[in-house]
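Work through the exercises below with the structure open. Try each task before reading its solution.

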Amino acid sequence: MIWLIKYKKIFLISLFSFISLNSYSFKLQNIYFNQRMDGENGGYREFYITNDYLTRQRYKVNILPVPLNDGAKFIEVYPKVITIDPQSKGTVKVFAKAPQNIKKGEYAFNLQFQPINIPTLAKNRDGITAGTSNIGVAPIIELKGYIGDIKFDEVLEIEDIKVEKSSNKGVVVNGNLSNTSYASIDFGIEAYGNNNFLYGSSYVGNISGNTKNKKIRLSFPMIGNPKDLKKIVLYRTPSNVREVIKEIKLEK
């Protein structure tokens, strides 16, 4: 009976290690959708998957519904099956197209990456070559989009902006951020000096709808003096295409 308990412990430790390793090998970038689902062109965004594992990985990409405000029926994905070589990246494209008569609001859907076994050849202790396969976890992420026209240049506000010298290097920008719309948005901020000189950019992150006075603190190490910062630009790059949301000039 003791040997059985030991065996169970070994099995559980091995299983935990296996799951952790497979989870670590799967990295997904651009984990927000936040695009308009209706309109003339609908919504589009690319997701980049990194395979840090030592073997090829293959996934079936599934669109799954959510209990409330389900938008899965408006979503298409390409490719539906993706194979990624070791130490490489793959791209999954998500398209949204909702009818014009859908109620305005924010809608969600689940994106699942279901592993598909790729048999490989391996030698056992006796030197015999046989096929092997692995069973990995199936990551699921919830994504959101919105229906209706939202002018983010009007609903996004940064107030009480203060530019201060950083204790380490450069300057920091503090402020209170509000998003008075009903939809989430993810974006970054660029810092500019005289003659539109770009000092750099900082990622703000995902800001949910109906957010009021969220404190932000952004670092710009390339700026030597707070007075050198003349304006900040709110921008987004949903699929490697830069979209300017709004510009805010700073008064000195």
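The exercises cover a sheet, a strand with its partners, and a pocket. The model is a predicted one.

**Exercise 1. The three-stranded sheet**

Task: Find the order of the strands in the open sheet of three, and state which strands are its edges.

Solution:
- Step 1. Read the order across the sheet: β11-β12-β15, with antiparallel pairing.
- Step 2. Look for strands that pair on one side only. These are β11 (156-165) and β15 (211-220), the edge strands.
- Step 3. Add the twist. From one strand to the next it averages 20 degrees.
- Step 4. Take the pair β11 and β12. Strand β12 spans residues 171-179, and eight bridges join it to β11 in an antiparallel run.
- Step 5. Pick one bridge as a check. Glu164 has Val172 in β12 as its partner.

**Exercise 2. Strand β16**

Task: Decide whether the residues of β16 are buried or exposed, and sort them by the way they point.

Solution:
- Step 1. Apply the cut-off: buried means under 20% relative accessible area.
- Step 2. Count the residues that meet it. Six of the six residues of β16 are buried, so by this cut-off the strand is mostly covered.
- Step 3. Sort by direction. Lys231, Val233 and Tyr235 point one way. Ile232, Leu234 and Arg236 point the other way.
- Step 4. Recall the general pattern. In a regular strand, side chains alternate between the two faces of the sheet.

**Exercise 3. The partners of β16**

Task: Establish how many bridges join β16 to β13, and how many join β16 to β17.

Solution:
- Step 1. Start with β13. Five bridges join β13 to β16, and the two run antiparallel. Here Ala191 stands opposite Ile232 of β16.
- Step 2. Move to β17 (residues 243-249). Six bridges join it to β16, again antiparallel. Arg236 stands opposite Glu243 in β17.
- Step 3. Inspect the connection. β16 and β17 form a hairpin with six residues between them. In the turn, Asn240 has a positive phi of about 65 degrees.

**Exercise 4. The second largest pocket**

Task: Describe the lining of the second largest pocket and name the strands that each supply at least two of its residues.

Solution:
- Step 1. Note the volume of this pocket, about 180 Å³.
- Step 2. List the lining. It holds 15 residues, and Asn30, Arg45, Asp186, Tyr203 and Thr237 lie nearest the centre.
- Step 3. Assign strands. β2 (43-51), β13 (185-192), β14 (198-207) and β16 (231-236) each supply at least two lining residues.
- Step 4. Sort by character. The lining divides into six nonpolar, six polar and three charged residues.

Technical notes
Residues are numbered from 1 along each chain as its sequence is written. This is a predicted model: local features need pLDDT of at least 70, side-chain atom pairs count only at pLDDT 80 or more; totals for chains, interfaces and linings use all residues. Side-chain values use heavy atoms; hydrogens and water are left out. Two strands pair if DSSP finds at least two bridges between them. Helices (H or I, at least four residues) and strands (E, at least two) are DSSP runs, numbered from the N terminus. Axes are lines fitted to C-alpha atoms, for helices over the stretch in contact, and angles run from 0 to 180 degrees between N-to-C directions. On a 1 Å grid over the protein atoms alone, a cavity is a set of points where a 1.4 Å probe fits but cannot get out, and a pocket is an open set with protein on both sides within 12 Å along at least five of seven lines; lining residues have an atom within 4 Å of a point. Grid points are joined across faces, edges and corners, and a volume is the space filled by probe spheres set on the points. Ala, Val, Leu, Ile, Met, Phe, Trp, Tyr, Cys and Pro count as nonpolar, Asp, Glu, Lys and Arg as charged, and the others, Gly among them, as polar. Buried means under 20% relative accessible area, exposed over 50%, partly exposed in between (1.4 Å probe, protein chains only).
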